[in-house]
Amino acid sequence: MPLRLVSEYPIDPLPLRSLPKLRPGPWWPRLKPWLMAALGIVLAIAIGVALHRLLHEVRYDDVMAAVQATPGSNIALAIAATAASYFALSGYDASSLSYARAKVARSTVLLTSFVAYALSNTIGLGPLTGGAVRTRMYAAAGLEPHQIAQVIVFNAAAFGLGIAAFGALGLLWGAHEVAPLLHVRPLALRALAAALLIALAAFLWLCARRRVLHLGAQRTLRLPQAGLALRQLVISAVELAASAAALWFLLPADRIALPTFVIFYAIAITAGIASHVPGGVGVFEAVMLLAGGSHVPTGAMLGALVLNRGIYYVLPLVVASALIVVYELRSGVAAPIGRAAVRLSPRLMAALTLVAGGWLLVSGVTPLTEDAKEILAALNVPLPLIEASHFLGSVAGLGLVLVARGLLHRLDAAWWAALGLSIVALVLALPKGFALHEAALLSAIAVLLLISRRQFDRPSTLFSQRLEPEWLLALAGVVAACIWVLFFAYQEVGYTNRLWWEFELDAQAPRSLRALLGVVLAGLAFGLWQLLRPPAGAVALPSDEEIERAAAIVRAGPASDGWYAMTGDKHLLFSPSGRSVLMFGKHGRSWIGLFGPFGDPREWSDLVWRFVELASAHGGRPAFYQVRPAALPLYLDCGLHAFKLGEYAHIELPGFSLKGARRANLRSGMNRGEREGLGFEVLPPAAVGALLPELRAVSDAWLERQKTREKGFSVGSFNARYLAQLPVAVVRREGRIIAFANLLVTAATQEASVDLMRFVPDAPPGTMDFLFAKVVLHLQAEGYQRFGLGMSPMAGMTTRRHAPRWQRVGRLLFDYGERFYGFRGLHSFKDKFEPVWEARYLAVPGGVTPLFVLLDLAALVGGGIKGVVSK
């Protein structure tokens with residue numbers, strides 16, 4: 001295989017040869033995951049200490065009593081408030097779409113908003129957040145990448161302004177309630193609130209008076225209209241009140257007044273978001289416990305918070321997952337929105353599986369309810385079965401946490417593991433203590449996994465997955481949290497060695513202790529195996545056999561640009577079946593795929609994921625150059641961003657003709673060539689080898705006259721193996737070859753193009769026009785549908801004033817960079833053939849990464865840094 005690795009690696013399971021190691025990359029990419037993980041550990045410890053101090057006098061039984069004492073009517077009201085909150089959240093998306101000047105069907109907005117917030121509210125992890133959901137759904141709805149970016153940014157800004165506005169109003173109302181908690185004077189809080197409201201009023205005034213805010217010499221911000229800003233503030237007020245009410249309804253009858261409660265709620269929500277802890281778990285609870293301690297008993301508040309986690313966070317996640325997988329059963333999945341929705345199911349199932357795993361782990365370290373003990377005793381359930389189900393259920397919870405990442409990456413092995421673990425845990429939930437809510441969640445996961453089976457189509461093994469440092473440390477954090485819950489639940493039980501050997505129905509602390517030990521040992525073993533397993537290996541250029549395999553794939557497909565894999569200067573990544581291939585180059589830390597996968601379209605998504613994982617495993621920057629619009633979802637799913645590079649021109653051959661004023665030069669060149677006695681011939685691949693010395697002489701003369709050297713990567717070079725694979729069109733004069741062009745064609749006769757077009761210095765004027773016209777007519781006669789003219793860089797960039805910065809810079813280069821690269825001249829040359837123009841994109845991580853990728857791309861094309869600064 002082309003990725004010849006020293007040891008087993010998930011990218012390619014077939015046997016591979018040993019190769020030299022990759023050079024170590026810059027220190028920051030390797031150190032960053034560990035630093036971020038260390039920061040997360042410090043934050044988790046701080047949260048744990050704060051919760052321990054707040055709960056040192058609270059008993060687990062008090063919390064469970066508060067949960068069980070909550071009336072069903074209050075739970076129903078909390079569910080209704082949750083529904084109202086999520087409906088109001090869709091107003092954020094509606095406002096952001098209005099700001100981005102985009103129109104999307106209301107049903108799509110509702111579905112997108114609900115799924116995005118169900119994910120981001122519950123999980124909060126980067127790969128699972130709502131931004132990825134909006135990117136996929138709104139891209140399927142026809143929005144441009146810059147519009148989607150505006151939607152995401154507007155959502156975040158609107159939420160921040162809404163929290164600030166109504167937090168300030170709440171402080172004005174109840175400063176005397178909050179001041180003792182912060183150890184400040186009420187007057188100071190009211191002054192702060194007044195300042196926030198004045199700033200908000202100034203913002204609204206700016207929205208009413210001017211549409212653009214200048215932030216510097218070259219930076220501007222388009223402000224929303226005043227009406228839109230006011231409408232969004234109303235939406236924020238409704239949403240904040242509804243989400244706060246969902247928790248408020250779960251408090252005891254003598255609960256705190258709702259206006260004061262909203263203040264505390266806004267502060268807690270802000271703290272949870274600022275902490276970047278997934279779902280704000282711990283941070284939100286700590287702030288609410290601290291703020292409501294003087295109004296609501298701590299045990300009752302904690303019980304309400306536990307219920308709120310299930311109602312406001314877990315329940316919408318289950319409903320969102322069900323909504324998405326229902327698309328699997330509908331006939332309308334062929335529509336773009338339906339396909340986009342269905343492809344979200346791996347994210348939702350990964351999130352739901354992660355939640356279920358955490359639920360099982362907590363269940364394993366907490367005691368049974370009195371009702372459960374009575375049922376087990378009445379049914380005479382054997383004690384060994386109770387002990388085994390408790391122990392194995394906890395280990396199954398750890399397994400679900402581990403396979404959640406595989407579900408996110410759509411691994412079929414992860415699907416089987418999640419399905420098996422959920423069924424096993426479902427069966428064990430009954431003898432463990434008749435945990436009906438737990439069983440209901442596991443049943444839902446099993447059913448949803450079965451319905452969404454087709455989305456987990458990446459063949460792989462669970463043992464081939466390599467977890468990043470942050471995942472390993474997050475796993476350690478989960479285990480540490482379970483240890484804390486164990487001590488909290490059994491704080492009145494004194495520890496002795498005898499606990500390990502007590503086996504009785506009432507011996508719940510020993511049972512939980514043994515279950516936790518199993519989880520700790522299993523997690524420790526997995527973590528050590530991940531850390532100590534052999535390295536991933538290294539990447540090498542393809543062998544002759546691999547190039548031949550790639551040639552067979554390209555030859556049978558419709559896309560002619562796959563022939564660039566034959567030049568031998570790019571690495572090749574095959575699918576496990578060998579039916580698909582992806583070519584890529586590497587320079588510095590940039591791993592750049594060219595065009596995308598070729599072969600079986602059903603394997604493309606998996607191939608893109610494998611490439612991204614391979615680059616990330618080596619600390620690299622994954623990117624894809626010249627991506628077609630139809631293929632963008634493949635890359636957006638992997639968390640990459642799309643940046644327009646220019647437009648690709650192709651001629652529709654069935655209707656092509658040399659007639660017309662715009663093709664007069666081409667027609668004139670062909671007629672002049674015939675008068676000059678030029679002859680045209682297309683050499684089959686079998687005849688090219690014998691003429692390679694003559695063709696090389698033409699090529700060398702052309703290179704010398706152009707004062708340039710061979711390029712690479714996205715441009716072909718004079719390579720004997722490459723040229724011998726394809727037909728070559730030649731122009732002869734008196735039997736001597738004076739010009740040639742190699743034809744990129746496939747057996748599918750769909751697309752065709754040329755790569756090398758070279759001629760001798762003494763060729764008659766118009767020789768290349770003659771060659772070009774003859775090639776196009778020849779391909780038309782052969783039945784090809786399209787003839788590619790190549791990409792025109794920076795073409796098609798929008799001229800609007802408030803376009804994304806990337807496109808504004810591209811437009812400037814196109815307009816004023818003619819002396820450096822002939823942007824306009826190249827576009828004008830191709831435009832005279834009246835082609836069809838199609839956008840081409842760079843798929844790459846965000847931030848400043850595109851700039852580094854483009855620099856490395858230039859080095860790949862130029863053959864190194866020297867080739868970038870010289871011809």
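User: In this predicted model, in which loop is A100 found, and is A100 buried or exposed?

Analyst: The structure discussed here is a predicted model. A100 sits in the loop between α3 (72–99) and α4 (106–122). Its relative accessibility is 4%, and because the limit for burial is under 20%, A100 counts as buried.

User: Which residues are in contact with A100, leaving aside its neighbours within four places in sequence?

Analyst: A100 and P224 lie 124 residues apart in sequence, and their C-alpha atoms are 9.3 Å apart in space. With the neighbours within four places in sequence left aside, the residues in contact with A100 are Q147, Q150, V151 and R222.

User: What percentage of the residues of the protein chain count as buried?

Analyst: The protein chain holds 32 helices and 14 strands. Its accessible surface comes to about 38,300 Å², with 65% of that area belonging to carbon and sulfur atoms. Of its 871 residues, the share that counts as buried is 52%.

User: Among contacts between residues at least 6 apart in sequence, what percentage join residues at least 24 apart?

Analyst: A100 offers one example of contact across the sequence, since it is in contact with R222. For the protein chain, among contacts between residues at least 6 apart, the share that joins residues at least 24 apart is 73%.

User: Which helix gives the most residues to the largest nonpolar core?

Analyst: The largest nonpolar core has 109 residues, of which V115, F261, M288 and L449 touch the most other members. The helix that gives the most to this core, with 15 residues, is α11 (residues 298–326).

User: Which residues does F261 touch, not counting those up to four places away in sequence?

Analyst: F261 is one of the members of the largest nonpolar core that touch the most other members. M288 is also among them. Not counting residues up to four places away in sequence, F261 touches A244, L247, W248, L251, I256 and M288.

User: How many residues are in the other core, which lies apart from the largest one?

Analyst: Apart from the core of 109 residues lies another core. Its members include Y625, V698, V745 and F833. The number of residues in this other core is 78.

User: How many residues apart in sequence are the parts tied together by the salt bridge of E751 and R628?

Analyst: The side chains of E751 and R628 meet in a salt bridge, with N and O 2.9 Å apart. E751 belongs to strand β12 (residues 751–759), whereas R628 belongs to the loop between β7 (621–627) and α22 (632–636), so the pair ties together parts whose separation in sequence is 123 residues.

User: Is E751 buried or exposed, and which residues are linked with E751 and R628 in a network of salt bridges?

Analyst: E751 is buried at a relative accessible area of 13%, whereas R628, at 27%, is partly exposed. The salt-bridge network links E751 and R628 with D561 and R786.

User: What is the distance between the closest N and O atoms in the salt bridge of E647 with K644?

Analyst: E647 is buried at 17% relative accessibility, and K644 is buried at 11%. Their salt bridge has its closest N and O atoms at a distance of 3.5 Å.

User: Which residue in β14 is the bridge partner of Y648?

Analyst: Strand β8 (residues 641–652) and β14 pair in the antiparallel sense over nine bridges. β14 (residues 836–844) is also joined to β7 by two bridges, again antiparallel, and there V627 has Y841 as its partner. For Y648, the bridge partner in β14 is E838.

User: With which residue does E838 meet in a salt bridge?

Analyst: E838 is partly exposed at 28% relative accessibility. Its salt-bridge partner is buried, with a relative accessible area of 3%. The N to O distance is 2.5 Å, and the residue that E838 meets is R840.

User: What is the phi of F595, and what is the phi of E734?

Analyst: Most residues other than glycine have a negative phi. F595, in the loop between β5 (590–594) and β6 (598–599), is buried at 13% relative accessible area. E734, in the loop between β10 (728–733) and β11 (736–744), is exposed at 81%. Both phi values are positive: that of F595 is near 70°, and that of E734 is near 55°.

Key:
Residues are numbered from 1 along each chain as its sequence is written. This is a predicted model: local features need pLDDT of at least 70, side-chain atom pairs count only at pLDDT 80 or more; totals for chains, interfaces and linings use all residues. Side-chain values use heavy atoms; hydrogens and water are left out. A salt bridge is a side-chain nitrogen of Lys or Arg within 4 Å of a carboxyl oxygen of Asp or Glu. Helices (H or I, at least four residues) and strands (E, at least two) are DSSP runs, numbered from the N terminus. Buried means under 20% relative accessible area, exposed over 50%, partly exposed in between (1.4 Å probe, protein chains only). A nonpolar core is a set of buried Ala, Val, Leu, Ile, Met, Phe, Trp, Tyr and Cys residues joined through side-chain atoms within 4.5 Å. Contact means heavy atoms within 4.5 Å. Accessible areas come from the Shrake-Rupley method with a 1.4 Å probe; for residues, only the protein chains shown count as cover. Two strands pair if DSSP finds at least two bridges between them.
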